[in-house]
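Q: I would like a close look at a single part of this protein. Please keep the steps short and build the picture piece by piece.

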Amino acid sequence: MTDLSPALPVNGDRLVARLKALGQVGALPEGGVCRLALTPEDGAGRDLVVGWMRDQGLEVAIDPIGNIFGTRKGTQDGPSVMMGSHIDTVATGGLYDGNLGVLAGLEVLQALDDANISTVHPVTVAAFTNEEGARFQPDMLGSLVHVGDLPLQDALDTISIDGTRLGDDLADIGYAGTAPLGGIKAAAYLEYHIEQGPVLEAEGIDIGVVEGVQGISWTEITLSGRASHAGATPMRLRRDAGLAAARIAHGVADIAKSIGGDMVGTVGSLRLRPNLVNVVAEMAQMTVDLRHPQEKVLAEAEARLAALVARVAEEEHVSFTRRPLARFEPVAFDGQLVGRVEKTAKSLGLSTRRMFSGAGHDAQMLARTCPAAMVFVPSIAGLSHNIAEYTAPSDIANGLAVLGTLALELAGRANTPA
């Protein structure tokens, strides 16, 4: 590990201990964690994090969509230097995705207390609701409501994959807050995150300096055919929704490969009805996830997908409907703040690499209202959304040092501790 001398003496061991403690909430028997948004497990995780915030003397505010903000006052009122991410996970998640950004923010504030450092500007840690989008769509829902680009009522009326209403689940776990939406203003937003990919580890780089987030397009496709006997129905007379779905899934991969470069396409969910071994499927419902850092290319992939679905449906004699689940254009982060992340890392003797994020993050929503940037650290084997997700303590300490040093610089030191 690099011998760091950060301006703020942060404690990486304390951060790792908290990551492990939060990882016990919703822990899976085989390892990893399941803390889907607004489930009882998410509520218990929120209780733990809010308890830590209050133990540190932070002012805690919870807004009507359940976003949590813990603020350490500055000597002056005004917008905060905000750090944050999320604590909801996918069904087979790890200990680091999202959680690292929230708990690292708490560690920075604890380090300020330990060093008796006052800041000019307030410093806030945020935990945003339903970032993953695994249970409610769209993803980054809480931060999207926070910045005013998704109406609160629309968000509250969103129906989960379990058939429950978001607003009801939020009330059930006790996090339908009353703080004004968007009431915590950010002068700048920093999100510390694992890379969730293999590049930093493969290249031996300490810190990923994130220039932006690629565009995301999520679509749900429902194909309707006709159920019939698997043995008695000739292939030429079938209306097989399952076959149509398989052809579309293969076509999504072909679209991504033919466009090439940074284009990716994924069919992550597929359900058949009646889902029986000896019955031709009458219905198939699938999701398609398309991503690219350039809007023009993403739009081309969407057009190709639409043509593919129409062609396959006609050839397989099935009907179809398409429903958009999420659509976000690529986001470029504030150039000056990105440069400061890079400069801070290099000043600490850490190697850096500029990169785009392949995953969506709350930072891309906050970037609509304030300068935003992200700090990446390596993910071992590039694993994320996986129970084996792991980032070494030394890498966690590296990113924490960058986050703490830059957060203090942005917030402004108001005193010289004795």
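In what sense do strand 2 and strand 4 pair, and over how many bridges? Please start there, then show me the surroundings and the rest of the fold.

A: This is a predicted model. Start with the pair you asked about. Strand 2 and strand 4 (residues 123-127) run antiparallel and pair over 5 bridges. One point to find on screen is Ile68, which stands opposite Ala127 in strand 4.

Now look at another partner of strand 2. Strand 1 (residues 59-62) pairs with strand 2 in the antiparallel sense, over 4 bridges. Here Ile68 turns up again: Ile62 stands opposite Ile68. Strand 1 and strand 2 form a hairpin with 5 residues between the strands. In that hairpin, Gly66 takes a positive phi near 90°.

Next, ask how covered strand 2 is. It spans residues 68-72, and 5 of its 5 residues are buried. Take the two faces in turn. On one side sit Ile68, Gly70 and Arg72, and on the other sit Phe69 and Thr71. Both faces are covered.

Move on to the nonpolar cores. The largest has 96 residues. Those with the most contacts inside it are Val49, Met83, Leu103, Leu190, Tyr192 and Phe333. Helix 12 (residues 393-411) gives the largest share of this core, 10 residues. Pick out Leu103. Leaving aside its neighbours within four places in sequence, Leu103 touches Leu15, Arg18, Leu19, Leu22, Val49 and Trp52. There is also a second, separate core of 23 residues. Val252, Leu298, Ala301 and Leu308 are among its members.

Finally, turn to another sheet. It is open, has 4 strands in the order 9-11-7-12, and pairs them antiparallel. Strand 9 (264-273) and strand 12 (319-328) stand at the edges with a single partner strand each, so one side of each has no neighbour in the sheet. On average, neighbouring strands of this sheet are turned by 15° against each other, direction ignored. Strand 9 is joined to strand 11 (residues 283-292) by 8 bridges. Within that pairing, Leu270 has Met286 of strand 11 as its bridge partner.

Two helices pack on this sheet. Helix 8 (residues 241-259) touches strand 7 (215-224), strand 9 and strand 11. The direction of helix 8 makes about 5° with that of strand 11. Helix 9 (residues 295-316) touches strand 7, strand 11 and strand 12. The direction of helix 9 makes about 165° with that of strand 12.

Methods: Residues are numbered from 1 along each chain as its sequence is written. This is a predicted model: local features need pLDDT of at least 70, side-chain atom pairs count only at pLDDT 80 or more; totals for chains, interfaces and linings use all residues. Side-chain values use heavy atoms; hydrogens and water are left out. Two strands pair if DSSP finds at least two bridges between them. Axes are lines fitted to C-alpha atoms, for helices over the stretch in contact, and angles run from 0 to 180 degrees between N-to-C directions. Contact means heavy atoms within 4.5 Å. Buried means under 20% relative accessible area, exposed over 50%, partly exposed in between (1.4 Å probe, protein chains only). A nonpolar core is a set of buried Ala, Val, Leu, Ile, Met, Phe, Trp, Tyr and Cys residues joined through side-chain atoms within 4.5 Å.
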